[in-house]
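Trainee: I'd like to learn how to read a model like this one, feature by feature. Can we start with a single residue and work outward?

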Amino acid sequence: MELIVWIIVSYLIGSVPSGVLVAKVFGGRDPRSVGSGNIGATNVSRALGKKAGLITLGFDVLKGFVPTFLAVVALEPQWGAPAVGLAAFIGHVFPLYLGFKGGKGIATGAGVFLAVMPLGLVGALVFFALVFWRTQLVALASMVSSLTLPVMAGLLEAGRPTVALATCVAALAVYKHKENIRRLMAGTEPRFGDPVKKDDILPEEDDSGDDS
C-alpha cells in the first residue's frame, strides 16, 4: 500500500508541466503553440530563449530526481525506487494536468537515473554529447542516449528492476519521438539553435478547450 502511495505522488509530481509554467512566468507564448508544440526544454528554449529553456530543463530533471532519490532512501523493496521513478517519467510523458499530452521525458528520465544509476547516466550523457556535437540534432541525441540506458544497466549489473526501468524509459522515449523520426527521415528536423520560423508558430490554444 505504501508503494502505491509513492507511485501516485510521484506521477503527480512528474505531471507538473514545467515548460508551460515557465512560459507563464516569462510572459511568453505557450510552448504548445510554438515550433514542435512540445513542452520540453528544447522547444521552450526555441520559443522563449535559452534562459527559459534552462529553467525548464532544471525543473524537469528535479521532477524525476527528487521522488526517485527519496524512494531510494526510504523504500526497502528492490522494485520500489524504479517503480517510483517510472511513475515520475510517465507523469511527464502523459501528464494528468494537460490531458495526458506531455513531453518526451528525456530530462525527467535523466533525473530518475541520476538517482538510481548515476554512472549509467554518465555513459548515456556521453553518447548524447557525441551525437549532438556531430549533428546538432537534439532529438537524435536524445533517442541514442535513451537506448544506451538499458545497455548501461546490463553492463553495470544494476539489477533486473533497473534494467526493466531503463527498457521502459527507452521504449517510451523513442515512441514519443515518432514525429521527430519522420522529420529526420525527411531531412526536415530542425537543429538546435534554429530560430522559430513564421510557419512554425501554431495558433494559440483556445482557453475553453481541454487544457483549461
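Mentor: Sure. Let's take S145, which is buried because its relative accessible area is 7%, under the 20% cut-off. Keep in mind as we go that this is a predicted model.

Trainee: Where does S145 lie, and which residues does S145 touch once close sequence neighbours are left out?

Mentor: S145 lies in helix 8, which covers residues 138-155. Leaving out residues up to four places away in sequence, S145 touches A124 and F128.

Trainee: Let's follow F128, then. Is F128 buried, partly exposed or exposed?

Mentor: F128 has 23% relative accessibility, so it counts as partly exposed. Its helix is helix 7, residues 118-135, and F132 lies there too. F128 and F132 are four residues apart, about one turn of the helix.

Trainee: Two Phe rings on one helix makes me think of aromatic pairs. How many aromatic pairs does the structure hold?

Mentor: The structure holds two aromatic pairs. To read a pair, look at how far apart the ring centres are and at the angle between the planes; planes under 30 degrees apart count as stacked. F65 and F69 form a stacked pair, at 5.3 Å centre to centre with 20° between the planes.

Trainee: Why are F65 and F69 separated by about one helical turn?

Mentor: Because they sit four residues apart in helix 4. F65 is partly exposed, since its relative accessibility is 22%. F69 is partly exposed as well, with a relative accessibility of 38%. Now back to F128 and F132: their ring centres are 6.1 Å apart and their planes are at 15°, so this pair is stacked.

Trainee: Next up, helix packing. What do I look at when two helices pack?

Mentor: In general, you describe two packed helices by the angle between their axes and the distance between the axes. Try helix 3, residues 41-48, and helix 4, residues 50-74: their axes come within 7 Å and cross at roughly 160°. That angle makes helix 3 roughly antiparallel to helix 4, because the cut-off for that label is over 145 degrees. The crossing is right-handed.

Trainee: Which residues of helix 3 and helix 4 meet?

Mentor: From helix 3 you have A41, V44, S45 and L48, and they meet K50, A52, G53, T56, L57 and D60 of helix 4. By class, the residues of this contact divide into five nonpolar, three polar and two charged.

Trainee: Can we try another pair? At what angle do helix 9 and helix 10 pack?

Mentor: Helix 9, residues 160-176, and helix 10, residues 178-186, pack at an angle of about 55°, and their axes are 4 Å apart. Helix 9 and helix 10 are therefore oblique to each other. In this contact, V174, Y175 and K176 of helix 9 meet K178, N180 and I181 of helix 10. The contact has three nonpolar, one polar and two charged residues.

Trainee: Now zoom out for me. How many helices and strands does the chain have?

Mentor: Ten helices and zero strands, so to speak the whole run of elements reads α-α-α-α-α-α-α-α-α-α from the N terminus on.

Trainee: And what percentage of the residues of the chain count as buried?

Mentor: Of its 212 residues, 42% count as buried. For the contacts, take those with a separation of 6 or more: residues 24 or more positions apart account for 67% of them.

Notes: Residues numbered from 1 in each chain as written. Predicted model: local features only at pLDDT ≥ 70, side-chain atom pairs only at ≥ 80, totals over all residues. Heavy atoms only, no water. Axes fitted to C-alpha atoms, helices over the stretch in contact; angles between N-to-C directions. Helix = DSSP H or I, 4+ residues; strand = E, 2+ residues; numbered from the N terminus. Parallel < 35°, antiparallel > 145°, perpendicular 65-115°, else oblique. Left-handed = near helix turned anticlockwise from the far one by under 90°. Contact = heavy atoms within 4.5 Å. Nonpolar A, V, L, I, M, F, W, Y, C, P; charged D, E, K, R; others polar. Phe/Tyr/Trp six-rings, centres within 6.5 Å; stacked < 30°, edge-to-face > 60°. Buried < 20%, exposed > 50% of the residue type's maximum accessible area, 1.4 Å probe, protein only.
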